[in-house]
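Please consider the structure shown below. The exchange that follows asks how each structural term is justified.

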Amino acid sequence: MKLPPKVKLVDVGPRDGLQNEKQPVPAAVKIELVHRLQAAGLREIEVTSFVSPKWVPQMADAASVMAGIERQAGVRYSVLTPNLQGFEAALKTRPDEIVVFGAASEAFSQKNINCSIAESIERFRPVAEAARAAGIYVRGAMSCCVGCPYEGEIAPERVAYLAGLMKDIGVQHVGVADTIGVGTPLKVQRALEAALRHYEIDDVSGHYHDTYGQALANTLASLELGVWQYDTSVAGLGGCPYAKGATGNVATEDVVYLLHGMGIDTGINLDKLVDAGKFISEFLGRKPNSRAAQAILNKRAG
Ligand code: HMG
Ligand code: MG
């Protein structure tokens with residue numbers, strides 16, 4: 001088994017993590033979270049999304065959050081853009097990367113972005129073209145690559161189909177998402193292999209929600225395939241408003257602990273990351289949803 005020597009983690013906490021929070025989180029707190037994440041060594045942060053505020057009220061301050069960030073050299077700031085309207089608003093805030101988000105499941109596509117898979121691709125096409133013309137990197141998130149809250153199990157062929165469509169419209173990288181965290185290692189490997197039929201290993205990442213506690217195992221299984229890029233969320237924040245019951249992404253702290261313990265470099269300072277998770281968890285009035293963070297905080301207290 002040859003594991004990648006180095007892994008890149010994209011912290012999606014400010015976006016995926018906070019989008020589902022019922023209590024309003026002020027832009028200043030989101031900005032501070034981004035600052036703390038970059039100070040901890042994160043080299044890419046998914047900051048916010050330019051979506052309809054009627055659909056996701058928590059992300060209504062997207063432009064203010066982007067404007068308030070003091071950018072650090074070497075850090076990439078990505079934002080979600082579901083359509084041209086979102087892209088045009090995002091463009092003014094100078095993101096390094098935009099994310100179009102589709103689904104391997106028809107029902108989820110309808111619930112999340114109010115259109116079919118085929119329609120979503122037609123919406124993403126001009127977004128991808130405009131982004132690339134502006135020199136902005138284009139990533140595609142692929143939801144429900146293992147299971148769907150409305151359709152149940154999703155076959156790898158559906159993932160391959162979506163990845164092929166993303167490739168056709170110029171999406172440069174795809175993220176294989178287990179939106180509701182139902183995946184187990186072999187199923188996640190099959191989903192990744194489906195994406196790898198259309199994308200090189202350097203252009204595929206894993207995005208695992210931890211609803212059933214499988215996300216670390218799924219990460220290890222993905223490393224075994226050579227996948228070296230993952231979306232994770234500080235303090236395990238997160239969930240999708242259109243995937244009821246799904247919990248947050250795997251905690252960045254837990255993944256960093258796993259990787260460093262295996263001698264895999266992330267460039268992240270775990271102590272500072274734990275502080276970032278403590279900051280946002282205290283704001284939200286709860287403990288970090290990360291076993292590693294809890295263990296480190298307990299050790300500090302003791
Ligand atoms: P729609 O209602 O079909 O859009 O929504 P529309 O084009 O018919 O426009 C309707 C209204 O929305 C209009 O306003 C537009 O101006 C406005 P009105 O005239 O009624 O006042 N609108 C917008 N406003 C701001 N920004 C925009 C925008 N577009 C239209 N970009 C739409 C379609 C895609 C907009 C809607 O369904 C939506 O915003 N969905 C977002 C859902 C979402 O954010 N989900 C969570 C993120 S995805 C996720 O979490 C999964 C991921 O983590 C991977 C995984 O785990 O699976 C990435
Ligand atoms: Mg997600």
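The questions and answers below set computed values against the definitions behind them.

This is a predicted model, in which local features need pLDDT of at least 70 and side-chain atom pairs count only at pLDDT 80 or more, whereas totals for chains, interfaces and linings use all residues. Residues are numbered from 1 along each chain as its sequence is written, chains are lettered from A and ligands numbered from 1 in the order in which they are written, and side-chain values use heavy atoms, with hydrogens and water left out.

Q: Why is the contact between Asp 16 and Arg 15 called a salt bridge?
A: A salt bridge requires a side-chain nitrogen of Lys or Arg within 4 Å of a carboxyl oxygen of Asp or Glu. The closest N and O atoms of Asp 16 and Arg 15 are 3.4 Å apart, so the pair meets the criterion.

Q: What makes Asp 16 count as buried or exposed?
A: Buried means under 20% relative accessible area, exposed over 50%, and partly exposed in between (1.4 Å probe, protein chains only). Asp 16 has a relative accessible area of 3% and is therefore buried. Its partner Arg 15 is also buried, at 8% relative accessibility.

Q: How many salt bridges does the structure hold, and which residues are linked in a network?
A: There are 19 salt bridges in the structure. A network of them links Lys 8, Arg 15, Asp 16, Glu 44, Glu 46, Arg 76, Glu 97, Arg 139 and Asp 231.

Q: How are Glu 193 and Arg 190 placed in helix 8?
A: Helices (H or I, at least four residues) and strands (E, at least two) are DSSP runs, numbered from the N terminus. Glu 193 and Arg 190 are three residues apart in helix 8 (residues 185-195), which means that about one helical turn separates them. Their closest N and O atoms are 3.0 Å apart, and they form a salt bridge. Glu 193 is partly exposed at 32% relative accessible area, and Arg 190 is partly exposed at 37%.

Q: What makes the salt bridge of Asp 271 and Arg 300 a tie between parts apart in sequence?
A: The side chains of Asp 271 and Arg 300 meet in a salt bridge with an N to O distance of 3.0 Å. Asp 271 belongs to helix 11 (residues 270-284) and Arg 300 to helix 12 (residues 291-301), so the pair ties together parts that are 29 residues apart in sequence. Asp 271 is partly exposed, with a relative accessible area of 42%, and Arg 300 is partly exposed at 39%.

Q: How do you know that strand 1 and strand 10 pair?
A: Two strands pair if DSSP finds at least two bridges between them. Strand 1 (residues 8-11) and strand 10 (residues 229-232) are joined by four bridges in the parallel sense, so they satisfy that rule. Within this pairing, Lys 8 stands opposite Gln 229.

Q: How many bridges join strand 1 to strand 2?
A: Two bridges join these strands, which run parallel. Val 10 has Glu 44 as its bridge partner in strand 2, and Asp 11 stands opposite Ile 45.

Q: Why is strand 2 described as largely enclosed?
A: Six of the six residues of strand 2 are buried, so the rest of the structure largely encloses this strand.

Q: In which sense does the crossover from strand 2 to strand 3 run?
A: Strand 2 and strand 3 (residues 76-80) pair in the parallel sense over five bridges, with Glu 44 opposite Arg 76. The chain crosses from strand 2 through helix 3 (residues 62-68) to strand 3, and this β-α-β crossover is right-handed. That term applies if, with the strands pointing away from the viewer, the path from the first strand over the helix to the second runs clockwise.

Q: How do you know that Cys 115 is in no disulfide?
A: A disulfide is a pair of cysteine sulfur atoms within 2.5 Å, and the structure holds zero disulfides. For Cys 115, the nearest cysteine sulfur is that of Cys 144, 14 Å away, so the criterion is not met. Cys 115 is buried, with a relative accessible area of 1%.
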